[in-house]
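Please read the following report alongside the sequence and the coordinates. It is written for a reader who wants to locate particular sites and check them one by one.

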Amino acid sequence: MATTATAPVYAPAERYVGESGVWSWLTTVDHKRIGTLYLFTSLFFFVVGGLEAGLIRAQLSGPNKHLVSAEMYNQLFTMHGTTMIFLAIMPLSAAFFNYLIPLQIGARDVAFPRLNAFSYWVYLLGALFMNSSWLINAAPNGGWFGYAPLTTYQFSPGLNIDFWVIGLQILGVSSLAAAFNFITTIINMRAPGMNLMRMPMFTWNAFVVQFLLVLAFPVITIALVFLQFDRFFGTTFYAIGAGADPLLWQHLFWIFGHPEVYILILPAFGLVSEIIPTFSRKPIFGYPVMVYATMLIAFLGFGVWAHHMFSVGMGPIADTVFGVTTMLIAIPTGVKIFNWIFTMWGGSVQFTTAMKFAIALVGLFTIGGISGVMHSSPPADLQQTDTYFIVAHFHYVLFGGSMMGIFGGIYYYFPKMTGRMMNEKLGTWHFWLTFVGMNVTFFPMHYAGLMGMPRRIYTYDSGQGWELFNKMSTYGTVLLIIGTAVFLWNFFRSHSIGAVAGNDPWKASTLEWSIPSPPPEYNFARIPRVTSRVPLWDITSPRLASEVPHTKRGDKRLDVDVASKHVGHAYPNPIGNQPKQAAEAGLHIEHATGRTAKDLGIPMPNPTIKPLICALGMTIMFSGLLFIHKDNMSLALITIIGGALVMTMALYAWLLTPLEDAH
Amino acid sequence: MTHASAAHGTHAHSAHDDTHGHPPTSTGLDNKKIAIWAFIGSECMLFASLISTYLIYKRRSVVGPYPHDACLPPLCSTPLPAILDIPITSASTFVLLMSSLAMVLALAAVEMKDQPKRTTGERILGSSKLWLWMTALLGATFLGFQAYEFTSFVHEGLTLRTNLFGSSFFTLTGFHGAHVTVGVLWLLSLLAIDYRRGLGPKDAINVDLAALYWHFVDVVWIVIFTLVYLIK
Ligand code: HEM
Ligand SMILES: [Cu+2]
């Protein structure tokens with residue numbers, strides 16, 4: 001076999017060294033650096049959300065504790081949920097979208113690099129805005145789903161909810177801008193031969209998530225606009241006395257909210273779909289089915305929202321319909337689980353840290369999925385809703401699913417992002433502490449919930465049989481905190497002293513591993529030609545690639561047409577000498593050379609501060625609304641108009657400056 | 001070139017050299033064109049939420065005035081007329097529809113800037129400035145109608161705060177009006193460029209984006225006009 005002859009030879013670590021310095025970070029438009037910014041910021045907020053959870057668990061560790069007041073408790077659980085969802089998991093996913101999508105599809109950047117920078121700055125400023133409420137002791141306190149009318153002015157007159165509404169509005173802009181950008185990038189910037197059905201599974205999941213974002217976020221935007229208008233301008237959208245429907249908010253929120261849970265889980269599914277094949281040394285089982293299952297999940301995800309509302313009395317017909325659609329959605333989800341299992345089946349599995357996290361996701365998410373199906377049945381849900389059983393469910397899917405996948409993704413992609421390996425021994429500690437900690441924390445919540453413990457109570461009396469379960473949850477949290485500390489230690493330590501990784505430490509199959517680690521600013525010196533859905537294995541491990549479809553000789557469908565110009569075809573490829581043929585088709589491995597885009601004559605977008613200024617103007621504009629409630633109309637107007645002016649001027653300056661120097 | 005150019009020179013590369021310049025896009029379409037469609041997709045959901053809320057709240061106001069029926073004592077202390085004025089709004093709808101036509105002509109004029117124009121008719125049709133002005137002015141006229149409509153409603157006793165009808169009506173149509181305003185500013189910005197250096201075929205994509213947006217806003221109005229004004 002030609003396998004050994006073509007194994008990649010790694011150049012000594014002649015690493016690409018980019019610019020550094022604060023200014024270069026403030027003005028960067030490089031998708032990789034923006035991805036890094038996302039990663040660091042969202043890890044920071046993950047820690048913040050974790051500390052809030054720690055306080056919650058300390059308060060609940062035993063009956064009748066008064067570590068925090070009831071009001072403080074409300075703020076803690078609201079900010080914990082809001083932070084974890086909007087400031088930690090979504091942007092952690094965005095970090096991977098940014099870093100990986102262009103690399104996986106063989107592009108040099110995203111479609112709109114400056115818009116990308118704008119998305120990040122809006123996220124950062126929105127996150128800081130919302131958290132600044134802690135400074136004046138007015139953190140949001142209406143729960144992460146902020147049910148109106150509870151959150152209207154009449155029942156929540158403080159600034160707390162204002163921070164929440166405005167903060168979410170700002171964050172929505174960030175997600176939407178990013179979604180337009182990634183949709184365009186994936187549709188339009190694929191390397192020749194990278195047909196849709198050859199895209200890596202992560203990119204597919206990311207693609208579907210962008211559609212969910214585009215379709216779901218406007219709905220919550222409008223729900224928030226109504227709430228803002230009610231609070232600031234006295235409209236009556238949620239005023240029951242004026243005849244408003246008390247369920248309007250719930251419907252709008254959950255039409256967004258259930259797709260949102262897929263926004264949270266699909267990126268992790270994508271990461272796991274990269275990790276499992278690599279460490280099983282097999283292409284993913286049932287690739288097309290995985291793709292269609294992802295789409296089906298997203299589609300059905302828009303038709304199940306009212307399963308969050310069974311207890312409001314929608315009547316038997318609505319209950320039945322939403323119960324059934326909810327059960328249906330478990331089918332494509334189950335398909336994915338089985339595909340991962342079958343990918344591992346018969347493979348030569350390597351239990352790296354990344355793989356451990358991936359396997360943990362498969363198991364733990366399944367538990368969360370099963371409890372999900374349990375409360376998809378309305379009569380069962382009436383017992384479970386608003387109890388700790390629900391808290392157990394969504395932590396199995398969110399921690400056991402999303403976070404496990406993201407941790408796995410960090411271990412897997414850290415070498416690509418930094419050029420260095422993370423420490424596997426510390427990684428193993430991190431994994432077991434987290435795995436055990438997560439089960440000890442959240443499994444007992446099932447029992448506490450079934451025994452009737454409601455969620456969102458700041459303390460409870462003894463003698464109801466809840467003490468043991470709560471104590472266990474708190475001990476589990478201690479393990480999780482230690483585990484996260486080990487992770488952070490490993491992360492920062494490996495950043496400076498980890499072993500040098502080389503292009504492709506895991507012998508993976510996708511394009512991002514064909515270029516140096518960390519990748520140079522231009523990613524690919526030459527745009528690759530893609531020969532199959534495991535392009536790199538075509539060169540490095542042809543035996544593994546032989547099962548996936550390649551272009552057959554004379555098969556027009558997979559020919560490489562670019563802008564309807566024929567630029568050659570991905571090479572036909574029966575087993576034998578793929579490496580040579582793949583190379584002939586134009587696929588190649590690029591070694592670190594230290595050469596810059598300028599040396600190579602590759603046009604790169606210029607750094608610019610304008611997106612940051614634009615984001616700043618927008619945040620100032622939104623925050624001006626706060627003064628309305630302080631009855632300081634002139635200050636409100638000055639801030640709103642001033643912010644709008646800054647934003648508009650920065651926007652015009654941005655649009656009128658070309659992206660890159662003329663060439 | 002990097003060292004990895006073993007395959008260089010084979011047929012696969014003859015079509016273009018992608019080290020320099022940008023590789024062509026996968027679909028052949030401009031990136032901006034795809035992005036604006038994604039944007040329009042999200043805008044659909046935005047207006048869908050607004051319109052559904054309006055429809056859900058249509059008959060739920062506990063006090064008048066109402067959209068299609070007069071509010072008489074004892075429901076209202078003084079009699080209040082039905083609010084919506086269909087003839088005037090039909091006129092403004094017509095104006096907005098015509099603006100879409102002007103927009104089409106503006107885009108065509110930009111695309112054909114370089115072709116020689118012999119007759120007066122060709123010169124008129126080929127004037128991008130004329131048609132951009134026309135579109136913007138028709139849009140502004142629509143906004144004028146809306147301003148008139150809003151003030152007269154307020155005089156008749158309907159504000160944002162009066163009842164559910166007022167809240168959902170003003171929010172929905174106000175959102176649409178804000179979109180038209182953004183569109184007018186966009187058109188004026190294009191005009192500024194046209195006066196500065198002239199818009200030509202290579203700018204067609206940017207005019208096309210504005211046009212897509214403009215037509216979309218127009219279509220949304222047709223839906224609003226039908227569901228809010230025409231259907232009782
Ligand atoms: C098999 C798939 C799933 C099913 C059948 C399912 C079903 C349900 C149902 C019926 C509820 C409402 C329970 C109640 O409040 O009474 C619920 C709540 C929830 N689910 Fe799931 N779910 C699934 C997957 C997920 C995933 C993937 C996530 C997130 C990654 C998720 C996150 C949540 C959250 C956050 C809540 C609670 C919302 C709240 O009340 O604060 N679920 N789920
Ligand atoms: Cu749900």
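The report below goes through the metal sites, the domains, a surface patch, and some backbone details.

This is a predicted model, in which local features need pLDDT of at least 70 and side-chain atom pairs count only at pLDDT 80 or more, while totals for chains, interfaces and linings use all residues. Residues are numbered from 1 along each chain as its sequence is written, chains are lettered from A and ligands numbered from 1 in the order in which they are written, and side-chain values use heavy atoms, with hydrogens and water left out.

**Metal sites**

Donors are taken as N, O and S atoms within 2.8 Å of the metal (3.2 Å for Na, K and Ca), and because water is not among the atoms, sites may look incomplete. On that basis, the copper ion (ligand 2) is coordinated at 1.9 to 2.0 Å by ND1 of His258(A) together with NE2 of His307(A) and NE2 of His308(A), and these donor residues follow the spacing H-x48-H-H in sequence. His307(A) has a relative accessibility of 13% and counts as buried, whereas His308(A), at 28%, is partly exposed; here buried means under 20% relative accessible area, exposed over 50%, and partly exposed in between, with a 1.4 Å probe and protein chains only.

The iron atom of ligand 1 has His393(A) as its only protein donor, through NE2 at 2.2 Å, and His393(A) belongs to helix α12 (residues 388-418) of chain A. Helices are DSSP runs (H or I, at least four residues), numbered from the N terminus. Between the iron atom of ligand 1 and the copper ion (ligand 2) the distance is 4.5 Å.

**Domains and a buried alanine**

In chain A, the domain assignment, whose bounds come from an automatic or database source, gives domain 1 (22-192 + 199-497) and domain 2 (610-656). The centres of these two domains of chain A, taken over C-alpha atoms, are 30 Å apart, and 21 residues of domain 1 are in contact (heavy atoms within 4.5 Å) with 15 residues of domain 2.

Ala358(A), which is found in helix α10 (residues 353-374) of chain A, is buried, with a relative accessible area of 1%. Leaving aside neighbours within four places in sequence, Ala358(A) is in contact with Val272(A), Ile275(A) and Ile276(A).

**A nonpolar surface patch**

Residues of both chains, among them Leu651(A), Tyr652(A), Trp133(B) and Tyr195(B), form a nonpolar patch on the surface with about 900 Å² of accessible area together. Patches of this kind are made of residues with over 30% relative accessible area and no salt bridge (a side-chain nitrogen of Lys or Arg within 4 Å of a carboxyl oxygen of Asp or Glu), where like charges are joined within 9 Å and nonpolar side chains (Val, Leu, Ile, Met, Phe, Trp, Tyr) within 5 Å. Accessible areas come from the Shrake-Rupley method with a 1.4 Å probe, and for residues only the protein chains shown count as cover. Helix α21(A) gives the most to the patch, with four residues; Tyr652(A) lies in that helix and is partly exposed, at 39%.

**Backbone details**

Most residues other than glycine have a negative phi, and most peptide bonds are trans. The table lists departures from this pattern in chain A.

| Site | Backbone value | Place |
|---|---|---|
| Ala148(A) to Pro149(A) | cis, omega about 10 degrees | Pro149(A): loop between α4 (113-132) and α5 (160-188) |
| Ser517(A) to Pro518(A) | cis, omega near -15 degrees | Pro518(A): loop between α14 (467-497) and α15 (535-540) |
| Asn64(A) | phi near 55 degrees | loop between α2 (31-60) and α3 (70-105) |
| Asn137(A) | phi near 60 degrees | loop between α4 and α5 |

Asn64(A) is partly exposed, with a relative accessible area of 40%, whereas Asn137(A), at 57%, is exposed.

Note on methods. Helix = DSSP H or I, 4+ residues; strand = E, 2+ residues; numbered from the N terminus.
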